[in-house]
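Open the model in your viewer and set it to cartoon, with side chains ready to switch on. Follow the stops in order.

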Amino acid sequence: MTPDSLPAENNRTYLVQFVDAILHNSFAVALPDDHNYSQTGLSANIQVVVHQHKVQALLQVEYILILNEKTKAGYELNFGILGSLQSEEAMPQAELAEYAKIYSLSFLWPYAREYSSSLIRRMSIDTPPLPIINPQTMTKMMVDEGLVQVNILDDTE
């Protein structure tokens with residue numbers, strides 16, 4: 001390769017590997033009689049930490065399930081899925097942070113769906129698991145609403 005045929009630095013591709021995803025935290029509880037929820041709802045946020053070519057991304061999910069419209073009886077499921085990524089050393093941390101910001105939902109959502117499905121089955125709740133989403137659309141919405149937070153730690157922290 002000649003120097004003119006090398007990709008520009010901003011067009012360089014880097015190897016990023018998905019390492020694992022684990023259940024970070026979880027609780028499920030019946031909604032109290034005096035709750036304020038009127039319908040089934042879902043909220044989520046993502047916290048990303050980047051340090052030395054490694055990423056930990058925590059997808060935090062709150063899933064409110066209203067099982068009876070009249071009595072408003074239902075459950076609150078709240079859980080976090082923690083995923084880890086690792087990049088090659090040549091990848092700048094800022095680029096890794098941007099990658100994690102854009103793709104964390106894509107790699108964590110299937111784990112969240114599987115966990116919610118398993119939990120709902122074990123609780124014998126007759127309701128669907130988390131919905132299938134379009135991660136590109138959902139990520140853009142979450143980023144626009146400030147629901148994806150990224151923190152880059154350097155060696156001095």
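Select H53 and E89: the backbone oxygen of E89 lies 3.2 Å from a polar atom of the H53 side chain. Add M91, whose backbone oxygen is also reached by the side chain of H53, at 3.2 Å. A polar contact is a pair of N or O atoms within 3.5 Å; within protein, one must be able to donate a hydrogen and the other to accept it, and residues adjacent in sequence count only if both atoms are side-chain atoms.

This is a predicted model: local features need pLDDT of at least 70, side-chain atom pairs count only at pLDDT 80 or more, and totals for chains, interfaces and linings use all residues. Residues are numbered from 1 along each chain as its sequence is written, and side-chain values use heavy atoms, with hydrogens and water left out.

Stay on H53. It sits in the loop between β2 and β3 (strands are DSSP runs of E, at least two residues; helices are runs of H or I, at least four; both numbered from the N terminus). Its relative accessible area is 19%, so H53 is buried (under 20%; exposed is over 50%, partly exposed in between; 1.4 Å probe, protein chains only). Beyond four places in sequence, its contacts (heavy atoms within 4.5 Å) include L85, Q86 and L96.

Next, select K54. Its bridge partner in β4 is Q86. Colour β3 (54-66) and β4 (74-87): they run antiparallel, joined by 13 bridges.

Now show the open sheet, ordered β1-β4-β3-β2-β5, with mixed pairing (strands pair if DSSP finds at least two bridges between them). β1 (16-30) and β5 (148-153) each have a single partner strand, so one side of each lacks a neighbour in the sheet.

Finish at α2 (135-144). N134 caps its N-terminal end, with a side-chain oxygen 3.0 Å from the backbone nitrogen of Q136. G146 follows α2, with a positive phi near 75°.
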